[in-house]
Amino acid sequence: MLTPARFATAAALLTALAGCASGPGTTTATGAGTSTSTASAATVAAPQSTTAGRTTATGKTEVLWLGQATTRITTPGGKVIVIDPWLTSNPKTPASFKDLKALGKVDLILVTHAHFDHFADVPALAKMNNAPAWGPAGLNDSMVKLGILPAELSPRFGKGGTITPFGPGGPKITAVHAEHSSELTWKDAAGKDTLHTGGEPVGFILEMENGFRIWHMGDTAVFGDMRLIGDMYHPDLVLSPIGGHFVMNPQDAAMAMRDMVKPRYVLPIHYGRRRNCAGRRRNSKPRLAAHPAPRA
Ligand SMILES: [Zn+2]
């Protein structure tokens, strides 16, 4: 288990994002500059909160990144939430997690959008655990109408909505904007790929039982309301895509974190699967140098 230093502090993000590694199997954001195995885990003690409306921290949150956007979060109260599961066919998934059973008990699934690298294992994981897969309303509507999941495992919500699926006192989850698309590809009865409504892509703000807040951005480009979302929710940890091409590149993500969101920790995700990963130290250094380093 890793220490909080294995997350990038906002300052260390400048270094972590300056190079775009060959894949999640080789590196992750580390404040100490050390690399890890493909699965990147960290246990973080939630901060002692003095902000009005937030409870004082007493427990810990475990975050396990499994490549691309797949993340398992274990809350201080022991609830297991899996976001964007893509494991069985993901070439970057650690061998030990190719079997969905390796995730252990899963209480809740979150889906940011319908693209296969976020959705592929949602139906199987939901059925295996009898766990609801919360996602954008349009996507979940399509899942029910196509018979992918029954309605009770495919609850709907949308941007700005907050759910408390474990009841009062449990984790709170809010859907927020992401600048992306969300086409759902599904095979018809003849086995032909067909396109369906995938709803509006989202990110998720997860507030743990002890007040620790995580923003899983999903897939997104930079957008100006990242500042608003940062001001509204004050995320302690942001899981930020950096792979470029379909999402922010490292320079974009560095600017967004430093100038708009200003979290305490950042974990770069969604990079290394394709050769068109945009980030290179030689390209990003001049841009990074043009901005003052943030404070963690
Ligand atoms: Zn993606």
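Me: Does H270 count as buried, partly exposed or exposed, and what is the reason?
Reply: This is a predicted model. A residue needs 20 or more other C-beta atoms within 10 Å to be called buried. H270 has 29 C-beta neighbours inside 10 Å, so H270 counts as buried.

Me: Where is H270 found, and what is its phi?
Reply: H270 is in the loop between β16 (265-269) and α7 (281-289). Most residues other than glycine have a negative phi. H270 goes the other way, with a positive phi near 55°.

Me: What does H234 count as: buried, partly exposed or exposed?
Reply: H234 sits in the loop between α5 (226-233) and β15 (237-241). Its phi is positive too, near 45°. The buried class starts at 20 neighbours, and the exposed class ends at 12. H234 has 19 C-beta neighbours inside 10 Å, so H234 counts as partly exposed.

Me: Which helix gives the most to the largest nonpolar core?
Reply: The largest nonpolar core has 63 residues. I109 and L110 touch the most other members. Five residues come from the helix that gives the most, and that helix is α6 (residues 250-261).

Me: How many of the twelve residues of α6 are buried?
Reply: The buried residues of α6 include P250, A253, M257 and V261. Q251, D252 and R258 are also among them. The helix is mostly covered, and the count of buried residues is nine.

Me: Which residue just after α6 takes a positive phi?
Reply: Negative phi is the rule for most residues other than glycine. Just after α6, one residue has a positive phi of about 55°. That residue is K262.

Me: Which residues does L110 contact, leaving aside neighbours within four places in sequence?
Reply: L110 is one of the two residues that touch the most other members of the largest nonpolar core. Its contacts beyond four places in sequence include W134 and G135. The full set is I81, I83, W134, G135, I173 and F204.

Me: What is the bridge partner of I163 in β10?
Reply: Strand β9 (residues 162-163) pairs with strand β10 (residues 172-177). The two are antiparallel and share two bridges. I163 is matched with a residue that L110 also contacts. That partner is I173.

Me: Which residue of β13 does A175 stand opposite?
Reply: β10 is also joined to strand β13 (residues 202-207). Six bridges link them, and they run antiparallel. The residue of β13 opposite A175 is F204.

Key: Residues numbered from 1 in each chain as written. Predicted model: local features only at pLDDT ≥ 70, side-chain atom pairs only at ≥ 80, totals over all residues. Core = buried A, V, L, I, M, F, W, Y, C linked by C-beta atoms within 7 Å. Helix = DSSP H or I, 4+ residues; strand = E, 2+ residues; numbered from the N terminus. Contact = placed C-beta atoms within 7 Å. Pairing = 2+ DSSP bridges.
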